[in-house]
Amino acid sequence: MAGETARVLLEFLEVAITSIVFLKGLYPSGAFERRRYMNLLVHKAAHPELREYIHSAVSGLYPFIEKGLVERVAVIFFNSDGIPLERFIFKIQVNQSYGSQVEEAQLEFSLRSFLVKLSVSQTLTKVLPSDCRWEITAYFRALPDTTTIKNVELWIPTDTKQWQQPPLLTPIKSMSSEPLGLQLYLEHPSESEFQKFGGQAL
């Protein structure tokens, strides 16, 4: 059943990550198109390279999430020096021993609430420099076994710089049910570090 849960979760993550990138306004509105998902109007990447990056990164996580190896998936926004200014974190817990039939409709209903919350969360975020960049990063509970999982080489170790002080956390949404637990929250550097890195205070 972990495979079915992973499939639903990855479909959701692809939409949620696209929504985050749209929310931050890094691309012109023409880079996105509206579509219906879980009976909600959401944004889908219309630009081929943007769409392919998000899709390939998320779909490439399938074998790792299925085996319970992924702890967090992050969308990280950096300044021009490669220092993170904002991180959207999805903390994932898939019950590997869940043996019952996954109620896909119930699972989708729970995930739908995350998209609703994301759509109104702009006030929780920071104004970023116009030259910032972003990437999708996965944090693993254990290093994947290259002999049993294909395409491990598609994921490379990140050289993301770290903050000197503990991050400021802002919860956005969480759910705890079988077989999936999920938390979405924001991480920001301390206000003094954020100013030093070129961010703009709200």
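**Exercise 1. Glutamine 96**

Is glutamine 96 buried, partly exposed or exposed, and what is its relative accessible area?

*Solution.* Keep in mind that the model is predicted.
- Step 1. Locate the residue. Glutamine 96 sits in the loop between strand E4 (84-94) and H4.
- Step 2. Take the value. The relative accessible area of glutamine 96 is 40%.
- Step 3. Classify. Buried means under 20% and exposed over 50%. Glutamine 96 is therefore partly exposed.
- Step 4. Look for a partner in space. Glutamine 96 and lysine 67 are 29 residues apart along the chain, and 7.3 Å separates their C-alpha atoms.

**Exercise 2. The chain as a whole**

State how many helices and strands the chain has, and in which order the elements run.

*Solution.*
- Step 1. Count. There are five helices and seven strands.
- Step 2. Order them. Starting at the N terminus, the elements read α-β-β-α-α-β-β-α-β-β-β-α.
- Step 3. Check burial. Of the 202 residues in the chain, 46% are buried.
- Step 4. Check the surface. About 10500 Å² is exposed, with 51% of it from carbon and sulfur atoms.
- Step 5. Check contact range. Take the contacts between residues at least 6 apart in sequence: 74% of them join residues at least 24 apart.

**Exercise 3. The nonpolar cores**

Find the residues that touch the most other members of the largest nonpolar core, and the element that gives the largest share of it.

*Solution.*
- Step 1. Start from the general tendency. In soluble globular proteins, nonpolar side chains tend to be buried together.
- Step 2. Size the core. The largest nonpolar core has 52 residues.
- Step 3. Pick the best-connected members. Phe12, Leu13, Ile65, Phe90 and Ile92 touch the most other members.
- Step 4. Assign the main contributor. Helix H1 (residues 2-24) supplies twelve residues, the largest share of this core.
- Step 5. Separate the other core. Another core of five residues lies apart from it, including Ala74, Phe78, Ile89 and Tyr185.
- Step 6. Zoom in on leucine 13. Beyond its neighbours within four places in sequence, leucine 13 contacts Val58, Ile65, Val73, Phe90 and Ile92.

**Exercise 4. The second largest pocket**

Describe the second largest pocket by its volume, its lining and the elements that supply the lining.

*Solution.*
- Step 1. Recall the idea. Rolling a probe the size of a water molecule over the atoms shows where empty space is left.
- Step 2. Give the volume. The second largest pocket holds about 200 Å³.
- Step 3. List the lining. It comprises 13 residues, and Ser19, Leu41, His43, Leu115 and Ser119 lie nearest the centre of the pocket.
- Step 4. Sort by chemistry. Nine lining residues are nonpolar, three are polar and one is charged.
- Step 5. Trace the elements. H1, strand E2 (40-45) and helix H4 (104-119) each contribute at least two lining residues.

**Exercise 5. Three buried residues**

Place threonine 18, leucine 118 and isoleucine 172 in their elements, then list their contacts. Skip residues up to four places away in sequence.

*Solution.*
- Step 1. Threonine 18 belongs to helix H1. Threonine 18 counts as buried because its relative accessibility is 5%. Its contacts are Phe32, His43, Lys44, Ala45 and Ile54.
- Step 2. Leucine 118 belongs to helix H4. Its relative accessible area is 3%, so leucine 118 is buried. Leucine 118 touches Ala16, Ser19, Ile20, Leu23, Phe88 and Leu184.
- Step 3. Add a distance. Leucine 118 and leucine 23 are 95 residues apart in sequence, yet their C-alpha atoms are 8.5 Å apart.
- Step 4. Isoleucine 172 belongs to strand E6 (residues 168-176). With a relative accessible area of 6%, isoleucine 172 is buried. Its contacts are Phe88, Lys117, Leu124, Leu184, Tyr185 and Leu186.
- Step 5. Link two of the three. Isoleucine 172 and leucine 118 are 54 residues apart along the chain, with 7.5 Å between their C-alpha atoms.

**Exercise 6. Backbone in the E1–E2 loop**

Compare the phi angles and the burial of methionine 38 and asparagine 39.

*Solution.*
- Step 1. Set the expectation. Most residues other than glycine have a negative phi.
- Step 2. Locate both. Methionine 38 lies in the loop between strand E1 (32-37) and E2. Asparagine 39 is in the loop between E1 and E2.
- Step 3. Read phi. For methionine 38, phi is positive, about 55 degrees. For asparagine 39, phi is positive, about 65 degrees. Methionine 38 is not a glycine, and neither is asparagine 39.
- Step 4. Read burial. Methionine 38 is buried at 14% relative accessible area, whereas asparagine 39 is exposed at 58%.

Terms used. Residues are numbered from 1 along each chain as its sequence is written. This is a predicted model: local features need pLDDT of at least 70, side-chain atom pairs count only at pLDDT 80 or more; totals for chains, interfaces and linings use all residues. Side-chain values use heavy atoms; hydrogens and water are left out. A nonpolar core is a set of buried Ala, Val, Leu, Ile, Met, Phe, Trp, Tyr and Cys residues joined through side-chain atoms within 4.5 Å. Buried means under 20% relative accessible area, exposed over 50%, partly exposed in between (1.4 Å probe, protein chains only). Helices (H or I, at least four residues) and strands (E, at least two) are DSSP runs, numbered from the N terminus. Contact means heavy atoms within 4.5 Å. On a 1 Å grid over the protein atoms alone, a cavity is a set of points where a 1.4 Å probe fits but cannot get out, and a pocket is an open set with protein on both sides within 12 Å along at least five of seven lines; lining residues have an atom within 4 Å of a point. Grid points are joined across faces, edges and corners, and a volume is the space filled by probe spheres set on the points. Ala, Val, Leu, Ile, Met, Phe, Trp, Tyr, Cys and Pro count as nonpolar, Asp, Glu, Lys and Arg as charged, and the others, Gly among them, as polar. Accessible areas come from the Shrake-Rupley method with a 1.4 Å probe; for residues, only the protein chains shown count as cover.
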